[in-house]
There are 2 protein chains.
Amino acid sequence: MKSKADTPIKITLVDDHRIITRGLRSYLESFDDLSIVGIAANAEELFTKLDEWLPAVVVMDLLMPGGMDGVTATRRVRERWPTTQVVALTASTDEARLIGVLRAGAIGYVRKDSDPELLLATVRAAARGQSMIDPAVAHTVLQELTRGIVPGNELTDREREVLRQLAHGHTNKEIAEALFISEETVKSHIGNILSKLHLAHRTQAALYALKQGLISLDELKL
Amino acid sequence: MKSKADTPIKITLVDDHRIITRGLRSYLESFDDLSIVGIAANAEELFTKLDEWLPAVVVMDLLMPGGMDGVTATRRVRERWPTTQVVALTASTDEARLIGVLRAGAIGYVRKDSDPELLLATVRAAARGQSMIDPAVAHTVLQELTRGIVPGNELTDREREVLRQLAHGHTNKEIAEALFISEETVKSHIGNILSKLHLAHRTQAALYALKQGLISLDELKL
DNA sequence: CAACGTCTCCCTCTTTTGGGGGAGTCTAAA
DNA sequence: TTTAGACTCCCCCAAAAGAGGGAGACGTTG
């Protein structure tokens with residue numbers, strides 16, 4: 001199809017959905033200037049193979065059930081393989097991680113429901129060290145930049161921990177037991193969480209946590 | 001690659017993620033016996049095009065934010081185009097819909113994290129009218145068959161409506177006002193929901209609703 | 001050192017939630 | 001017609017959650 005003169009861009013795909021990565025591989029490989037040098041189903045697999053593959057661009061799905069999440073994986077990649085760029089590929093539902101993954105060092109961001117051409121453009125830009133953010137979400141980035149604050153990030157570590165517990169559907173008593181603190185303390189934390197996030201009650205907090213990607217639907221045992 | 005004598009199997013892909021369908025198209029079309037005759041991003045688009053495309057097999061993602069869900073769409077397809085078979089393609093996270101979609105008339109079921117070869121085999125089997133269920137979940141089907149009950153499906157319409165409201169983070173009072181019923185009635189419904197689903201409290205119910213796809217993260221205004 | 005934030009715990013009080021009943025209406029099925 | 005289920009509302013009661021204080025211990029930072 002399309003062709004560029006020099007050597008093709010080496011790409012690695014990361015997604016636990018093998019059928020999806022297989023499809024993407026076929027698509028991307030139909031272009032002369034793109035070459036898939038490896039596919040990993042999770043972060044651990046990626047790290048063990050990266051020295052061997054040495055891709056110019058890693059296309060990473062942010063939602064990976066079990067094990068390390070995509071944002072953390074992105075950070076690790078950027079730390080250890082600074083010459084490898086990361087493009088985040090996400091479902092429309094977890095836009096919450098947009099800011100997080102960019103902070104973690106991703107150079108590109110593409111929603112799965114975007115035009116396939118956008119993925120091509122983003123990968124090619126990434127290989128040249130240029131950043132491309134999906135137009136559908138670019139406004140969010142600007143919002144965050146102007147505000148300077150990432151909502152939900154004003155929580156302390158402990159509060160985030162409590163919120164995570166809460167979002168698993170646990171009661172105050174259960175949270176207290178899990179964190180080895182009193183129920184009163186849990187109530188204090190939750191009160192602070194609600195007021196900081198301007199939420200009315202725990203159910204909203206749980207939904208918020210989910211929406212923000214603090215926990216994923218997958219780890220929900222219900 | 002692989003080839004079969006007669007005319008290729010006509011396939012339609014349904015998924016709101018255009019990048020995913022584009023990839024799958026490339027992959028499936030690399031086989032001589034498979035032919036993609038159309039791609040739809042949602043159920044509505046599928047229905048308007050199906051008379052024109054007339055595929056032998058529809059490969060349907062069950063998770064489609066906004067609009068009709070994949071299970072309902074599957075039922076419609078089977079009702080109106082009985083010669084068209086449906087293969088469900090799902091993320092590992094929503095196995096909950098397995099039974100539902102099979103009842104709705106799907107002949108095949110493949111998880112996205114399965115071996116790509118399995119998708120090929122399932123599509124080819126479907127075209128011959130043969131059913132293939134992902135081995136990773138087949139045991140669930142057997143369980144359900146022996147039990148005869150579909151968990152979570154025993155909710156009434158009204159209860160589902162209340163649950164949807166609840167999952168938006170509304171209080172009993174707010175739900176009552178939204179549905180024009182008394183708060184007492186809302187409490188009755190929620191009590192029934194909790195006992196039917198074996199859940200402990202509303203927060204779990206909200207999370208459950210999300211996990212089941214009764215509402216999507218997108219429609220959450222938090 | 002003083003100030004600050006965090007984490008912890010305690011108190012009181014009100015509101016919300018959920019469990020246990022019951023009971024009337026309506027519709028659809030047997 | 002009888003039965004069954006769904007939907008509605010009501011009562012009482014107990015548990016859980018949330019708002020509003022306060023306060024001590026600890027570490028960091030100015």
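Copies are superposed by least squares on the C-alpha atoms of residues with pLDDT of at least 70 in both. The model is predicted.

**Two copies**

Two copies of a chain are related by a rotation about an axis and a shift along it. Here, a rotation of 179° with a shift of 0.3 Å along its axis lays chain A on chain B, with an RMSD of 1.0 Å. The two copies are thus related as by a two-fold rotation axis. Which residue of chain A comes closest to the rotation axis? That residue is A:Gly23, whose C-alpha is at 2.2 Å.

**Where the chains meet**

Chain A gives 34 residues to the contact, and chain B gives 35 residues. On the side of chain A that touches chain B, the elements giving two or more residues are H1 (18-29), H5 (116-127) and H10 (202-211), each a helix of chain A. In chain B, 100% of the interface residues of chain A are interface residues too, so the copies meet through the same surface.

**The DNA side**

DNA strand C is surrounded by 20 residues. The closest are A:Thr156, A:Arg158, A:Ile181, B:His201 and B:Arg202. Both chains supply elements that give two or more residues to this surface. From chain A come helix H7 (157-166) and helix H9 (183-197). From chain B come helix H8 (172-179) and helix H9 (183-197). H9(B) gives the most, with 5 residues.

The table lists residue classes for the two surfaces.

| Surface | Nonpolar | Polar | Charged |
|---|---|---|---|
| Side of chain A that touches chain B | 15 residues | 10 residues | 9 residues |
| Surface near DNA strand C | 3 residues | 10 residues | 7 residues |

**The sheet of chain A**

Strands of a sheet pair through backbone hydrogen bonds, either parallel or antiparallel. Is the pairing in chain A parallel or antiparallel? It is parallel, in an open sheet of 6 strands with the order E2-E1-E3-E4-E5-E6. Strand E2 (34-40) and strand E6 (132-133) of chain A stand at the edges. Each has a single partner strand, so one side of each is left without a neighbour in the sheet.

Strand E1 (residues 9-14) and strand E3 (residues 57-61) of chain A run parallel and are joined by 4 bridges. A:Val14 has its bridge partner in E3(A), namely A:Met60.

H5(A) packs on this sheet. The helix touches E1, E2, E3, E4 (85-90), E5 (108-111) and E6 of chain A. The direction of H5(A) makes about 170° with that of E5(A). H5 of chain A is also one of the helices on the side that touches chain B.

How values were computed. Residues numbered from 1 in each chain as written. Chains lettered and ligands numbered in written order. Predicted model: local features only at pLDDT ≥ 70, side-chain atom pairs only at ≥ 80, totals over all residues. Contact = placed C-beta atoms within 7 Å. Nonpolar A, V, L, I, M, F, W, Y, C, P; charged D, E, K, R; others polar. Near = placed C-beta within 6 Å. Pairing = 2+ DSSP bridges. Axes fitted to C-alpha atoms, helices over the stretch in contact; angles between N-to-C directions.
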